[in-house]
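Student: Could you walk me through this model and show me how each label is earned? I would like to see the reasoning behind the terms.

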Amino acid sequence: MRRAWFGGVVFCALAATLGCRSPSPDWNGTWKLNLSKSSYQNLAVTISIAADGEYRYDNGRSSFTFRCDGKDRPIGKNRTEACVKSSATTLDLTQKENGAKTNAYHWELSADGKVLTATATAFRPSGPVTTSQVVASRISGSTGFAGQWRDTSYLQRHANMTLRLDSQTLHLSYPGAGQEVDAPFDGADAAVHGPHAPEGMTYAVRLVGRREIFTLTKRDGKAPIRGSLELSKDGRTITDSWWNPDRPTDKGLFVYEFVCL
């Protein structure tokens with residue numbers, strides 16, 4: 001799945017004086033997801049297919065479109081992608097940069113159409129080939145890829161979070177997801193790194209006082225997802241919430257509890 005889950009720009013709700021504020025040191029440490037206190041029911045992937053054949057993938061945090069016509073189509077920054085649907089139950093999406101393959105994504109439906117297995121392979125010029133897999137169960141839809149799918153493996157990949165803050169930067173990582181980012185507090189785009197970091201994912205942050213951080217997640221500069229990280233007064237929990245600007249009342253919520261420094 002090409003554009004699965006982080007970025008920068010302007011937060012209109014922020015005042016110009018935010019730059020002089022400093023965070024509380026209580027953010028630092030390792031944090032564990034408390035499922036019972038979290039609202040993750042909306043962690044679903046929606047795949048739709050328009051009348052003209054255009055696919056749209058939306059996981060609530062980011063979205064993207066593509067066409068399965070086998071053609072290499074530009075997606076910016078000297079990159080292209082091509083999708084081939086070899087049968088009613090399988091399709092392959094290949095991404096290249098300057099003509100060299102960087103990522104490959106294989107989607108396959110089970111025989112009864114109730115399970116979608118998505119395998120992502122990353123080809124790094126200076127590192128090993130890495131592979132990850134997501135298995136999702138159908139929520140809605142009856143046949144084909146179109147419908148709504150629940151990815152419970154996302155919870156496992158984000159079960160642990162590590163944070164470190166200094167006066168200028170938020171250092172955030174999800175070890176289980178193989179993703180990390182060093183985001184400056186000036187709201188500038190920061191690339192997400194790691195063996196399983198989606199291509200083109202960025203994350204941006206701004207402080208709102210000592211116990212709240214506004215976030216903005218994007219993919220290839222598009223489909224921004226707003227959010228916030230909020231530290232409790234006792235410093236024992238961090239609430240991570242996010243929402244699509246087009247659906248501000250439909251929020252996801254993760255509650256993390258402090259484990260250790």
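Tutor: Gladly! Let's begin with a term: strands are DSSP runs of E with at least two residues, numbered from the N terminus. Please keep in mind that this is a predicted model.

Student: Where is the place of K77 in that numbering?

Tutor: K77 sits in the loop between β5 and β6. N78 is also in the loop between β5 and β6.

Student: Why is K77 called exposed?

Tutor: The cut-off for exposed is over 50% relative accessible area. K77 has 68% relative accessibility, so K77 counts as exposed. With 58%, N78 clears that mark too and therefore counts as exposed.

Student: What makes the phi of K77 worth a remark?

Tutor: Here is the background: most residues other than glycine have a negative phi. K77 has a positive phi near 55 degrees and is a residue other than glycine. The phi of N78 is positive as well, near 60 degrees, again in a residue other than glycine.

Student: On to the cysteines. How do you know that C68 and C83 form a disulfide?

Tutor: The sulfur atoms must lie within 2.5 Å of each other. In C68 and C83 they are 1.8 Å apart, so the pair is a disulfide. The structure holds 1 disulfide. C68 lies in the loop between β4 and β5, and C83 in strand β6, so the bond ties together parts that are 15 residues apart in sequence.

Student: Are C68 and C83 buried or exposed, or something in between?

Tutor: Buried means under 20% relative accessible area, and partly exposed runs from there up to the exposed cut-off. C83, at 1%, is therefore buried. C68 has 23%, so C68 is partly exposed.

Student: Which residues does L91 touch?

Tutor: L91, which is found in strand β7, has contacts that include C68, C83, W107 and F145, leaving aside residues up to four places away in sequence. The C-alpha atoms of L91 and C68 are separated by 8.0 Å, although the two residues are 23 apart along the chain. L91 has 1% relative accessibility, so L91 counts as buried.

Student: Why is the aromatic pair of F66 and W107 called edge-to-face?

Tutor: Two numbers decide. Ring centres must lie within 6.5 Å, and planes over 60 degrees apart count as edge-to-face. F66 and W107 are 5.8 Å centre to centre with 85 degrees between the planes, so both conditions are met. F66 lies in strand β4 and W107 in strand β8, so this pair ties together parts that are 41 residues apart in sequence. Both F66 and W107 are buried.

Student: And what makes the aromatic pair of W107 and F145 tilted?

Tutor: The distance again passes, at 5.9 Å centre to centre. The angle is 50 degrees, which is neither under 30 nor over 60, so the pair is tilted. This pair also links distant parts of the chain, with W107 in strand β8 and F145 in the loop between β10 and β11, 38 residues apart. F145 is buried, at 1% relative accessible area, and W107 is buried at 2%.

Student: Which residues do the ring pairs link into a cluster?

Tutor: Y55, Y57, F64, F66, W107 and F145 are joined that way.

Student: How do you know that β13 and β14 pair?

Tutor: Pairing needs at least two bridges. There are 6 bridges between β13 and β14, so they pair, and they run antiparallel. S173 stands opposite E180 in β14. The two strands form a hairpin with 4 residues between them, and G178 in the turn has a positive phi of about 65 degrees.

Student: Which side chains of strand β14 are buried?

Tutor: The side chains alternate along β14: Q179, V181 and A183 point to one face and are buried, whereas E180, D182 and P184 point to the other and are not.

Notes. Residues numbered from 1 in each chain as written. Predicted model: local features only at pLDDT ≥ 70, side-chain atom pairs only at ≥ 80, totals over all residues. Heavy atoms only, no water. Phe/Tyr/Trp six-rings, centres within 6.5 Å; stacked < 30°, edge-to-face > 60°. Buried < 20%, exposed > 50% of the residue type's maximum accessible area, 1.4 Å probe, protein only. Contact = heavy atoms within 4.5 Å.
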